[in-house]
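Welcome, and please open the structure in your viewer. We will go from one selection to the next and look at what is there.

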Amino acid sequence: MKKVSLLFLIALVVTSTGASASGLAIPEQGAAAMGMAAAMTARSENLSAIYYNPAGIDYVEKTELFLGFTPIMPVHQYEGTTESEDANKMAFYPPNIYAAHRLNNRIVFGFGMYTPFGLGTDWNSKWYGRYTSTFGEIQSLYITPSVAIKLHDMVSFGASYSWIWSGAVIKKKIDSGLAIYSATAAANPAAANPKMISNPSYDSEFALDGDGGGVSYTLGLMLRPMSTVQIGISYTGTSEITYKGTAKFTHPKGYESMLSAMMPAFQDGDATLNLPSSINVGLKYDLTTAWDAEVDVNIVDWTTYDKLVIDLKDNLPYDTITSPKNWDKSTIVRLGTSYDLNAISTARFGFLYDKSPVPDETFDAQLPDNNRIGFSVGYGRKFGNITFDVSYMFLKFSDRDKDNLVGYVDAGSIDPTTGAVGPKDGVVDAADKAILDGMMAKMGRSEYPVGNGTYKSHVNLLSFSASYHF
């Protein structure tokens with residue numbers, strides 16, 4: 001079970017739904033940027049470029065500071081054959097802090113602290129998908145020094161290096177009624193009570209708190225082939241994050257001794273996760289002296305996440321556990337425009353389309369991910385050396401059906417008629433689903449509660465920031 005606990009942690013880290021990028025990414029790293037749907041790769045006009053393309057801080061004249069935060073309010077709904085559920089409301093407030101200083105006529109140094117992935121969900125503890133997730137929340141912090149170097153009047157190069165901290169808390173229910181039933185049926189089939197199976201009164205609660213660290217880097221170019229055109233290219237390398245977690249199991253009263261032999265109250269474990277690389281290309285064009293538009297294409301290479309391998313210190317119950325993932329590449333298209341209303345005020349608008357990398361066979365309710373579209377609007381105003389920005393974004397996810405094995409467990413060869421229990425093979429497959437669903441049907445209940453059904457999601461985001469030019 002130690003490996004299982006770490007598996008849930010890393011699965012949360014990778015499959016959580018970000019604000020407007022597939023997987024966990026939160027690319028809303030500044031209010032002006034979010035107002036243009038984060039179409040920022042080819043822009044050199046505010047310090048959020050430290051995140052999007054470090055070459056973009058080459059505009060800084062002396063010294064500049066930037067402070068911002070982005071309230072994010074996701075909404076998730078589940079509709080099953082016989083039940084429906086709304087996730088409890090949650091709000092997240094990822095901050096962003098940037099600073100930059102020009103060293104000479106060619107070099108600008110920058111520094112950023114921001115949270116480029118996170119969020120979570122909170123479901124009722126007895127809901128129909130409780131064996132996949134009841135609560136999940138992840139946080140991250142990137143500390144990022146950067147530099148932009150002007151190589152030519154038309155070319156700037158940028159680089160950044162990030163130290164990463166990431167933490168997660170997750171909770172889910174475990175069908176201990178099945179374990180109790182199996183143990184009883186193995187000793188005396190006639191005494192086994194199938195009504196224990198998938199019964200909330202016999203569920204154990206699993207909770208895990210883990211954190212880890214790693215490093216990453218970004219390289220960027222800013223090209224200015226003509227006065228009205230700016231081209232940005234950035235590449236972020238893979239990052240390896242090593243997590244350590246402590247799992248806690250709370251068992252139903254009266255069965256603590258029996259279940260603790262299989263699921264000890266506290267367990268430790270660790271795992272290493274390789275996050276994907278990404279490449280971003282942007283083209284910005286000045287339509288007039290006051291109006292510009294940009295199109296970005298972001299490609300995230302999630303194909304590196306083909307499986308997850310967890311290694312346990314005590315090699316119990318197994319040396320390693322491997323979970324297939326088989327994710328695809330994710331492509332995001334962003335359109336952003338800004339219009340100077342006058343010398344001190346700017347209006348911004350944006351649109352995005354984001355294709356989810358998560359295949360149907362590994363989709364679950366920890367944080368439901370799917371293709372999405374987004375619309376944004378923003379406004380900025382200068383007050384002397386201070387610039388304030390505010391923006392709003394609405395994201396609509398396509399409805400997605402879950403019809404897979406995530407949440408099912410190895411049921412062995414339980415005979416749904418006699419209750420006799422055979423050996424387990426360590427693999428969860430269609431045979432286990434048939435056994436568990438068959439036992440549910442025998443009791444006049446619907447299929448095993450793994451949250452198979454339709455998921456609907458949308459997200460509201462606000463962003464506020466202030467920058468000061470010395």
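Start by selecting G213, and leave aside its neighbours within four places in sequence: the residues in contact with G213 are then I164, E240, I241 and T242. Keep in mind as you look that this is a predicted model. G213 is in strand β9, and it counts as partly exposed because its relative accessibility is 33%. Now add Y243 to the selection. The C-alpha atoms of G213 and Y243 are 7.0 Å apart in space, with their positions 30 residues apart in sequence.

**Zoom out for a moment**

Show the whole protein as a cartoon. How many helices and strands are there in the protein? The protein has six helices and 22 strands. Colour by burial next: of the 470 residues, 53% are buried. If you draw a contact map, look at the pairs at least 6 apart in sequence; 72% of those contacts join residues at least 24 apart. Switch on the surface as well. The protein exposes about 19500 Å², and 60% of this comes from carbon and sulfur atoms.

**Strand β7**

Select I143, which is found in strand β7. Is I143 buried or partly exposed? With a relative accessibility of 31%, I143 counts as partly exposed, because buried would need a value under 20%. Beyond the neighbours within four places in sequence, I143 is in contact with F111, G112, M113, Y161, S162 and W163. For a distance label, pick I97: its C-alpha atom is 9.7 Å from that of I143, and the two residues are 46 apart in sequence.

**The loop before β7**

Go next to S125, in the loop between β6 (119-122) and β7 (135-152). S125 counts as partly exposed, because its relative accessibility is 37%. Which residues are in contact with S125, leaving aside its neighbours within four places in sequence? They are R130, T134 and K173. Draw a C-alpha to C-alpha line from S125 to K173, and it should read 7.5 Å for a pair 48 residues apart along the chain.

**The second largest pocket**

Now bring up the pockets and choose the second largest, which has a volume of about 800 Å³. It is lined by 38 residues, and those closest to its centre are S44, E45, D340, R348 and K382. Colour the lining by residue class: you will find nine nonpolar, 18 polar and 11 charged residues. If you wonder how such spaces come to light, rolling a probe the size of a water molecule over the atoms shows where empty space is left.

**From R348 to D389**

Stay with R348, one of the residues closest to the centre of that pocket, and add D389. The side chains of D389 and R348 make a polar contact at 2.7 Å. D389 belongs to strand β20 (residues 386-397), and D389 counts as buried because its relative accessibility is 11%. Setting aside neighbours within four places in sequence, the contacts of D389 include A31, A32, Y379 and G380, and S463, F464 and S465 are also among them.

**N452 and its partners**

Move to N452, in the loop between α6 (430-442) and β22 (453-469). This asparagine is buried, because its relative accessible area is 5%. Show its side chain along with K402 and N404. A polar contact of 2.7 Å joins the side chains of N452 and K402, and the side chain of N452 also reaches the backbone oxygen of N404 at 3.4 Å. Beyond neighbours within four places in sequence, N452 is also in contact with Y78, G80, Y128, D403, Y408 and E447.

**Two backbone stops**

Finish with two residues whose phi angles deserve a label. Select A38, in the loop between α2 (31-35) and α3 (49-52). A38 is not a glycine, although its phi is positive, at about 60°. With a relative accessible area of 3%, A38 is buried.

Then select S198, in the loop between α4 (176-187) and β9 (204-226). What is the phi of S198 near? It is near 55°, a positive value in a residue other than glycine. S198 counts as buried because its relative accessibility is 2%.

Methods:
Residues are numbered from 1 along each chain as its sequence is written. This is a predicted model: local features need pLDDT of at least 70, side-chain atom pairs count only at pLDDT 80 or more; totals for chains, interfaces and linings use all residues. Side-chain values use heavy atoms; hydrogens and water are left out. Helices (H or I, at least four residues) and strands (E, at least two) are DSSP runs, numbered from the N terminus. Buried means under 20% relative accessible area, exposed over 50%, partly exposed in between (1.4 Å probe, protein chains only). Contact means heavy atoms within 4.5 Å. Accessible areas come from the Shrake-Rupley method with a 1.4 Å probe; for residues, only the protein chains shown count as cover. On a 1 Å grid over the protein atoms alone, a cavity is a set of points where a 1.4 Å probe fits but cannot get out, and a pocket is an open set with protein on both sides within 12 Å along at least five of seven lines; lining residues have an atom within 4 Å of a point. Grid points are joined across faces, edges and corners, and a volume is the space filled by probe spheres set on the points. Ala, Val, Leu, Ile, Met, Phe, Trp, Tyr, Cys and Pro count as nonpolar, Asp, Glu, Lys and Arg as charged, and the others, Gly among them, as polar. A polar contact is a pair of N or O atoms within 3.5 Å; within protein, one must be able to donate a hydrogen and the other to accept it, and residues adjacent in sequence count only if both atoms are side-chain atoms.
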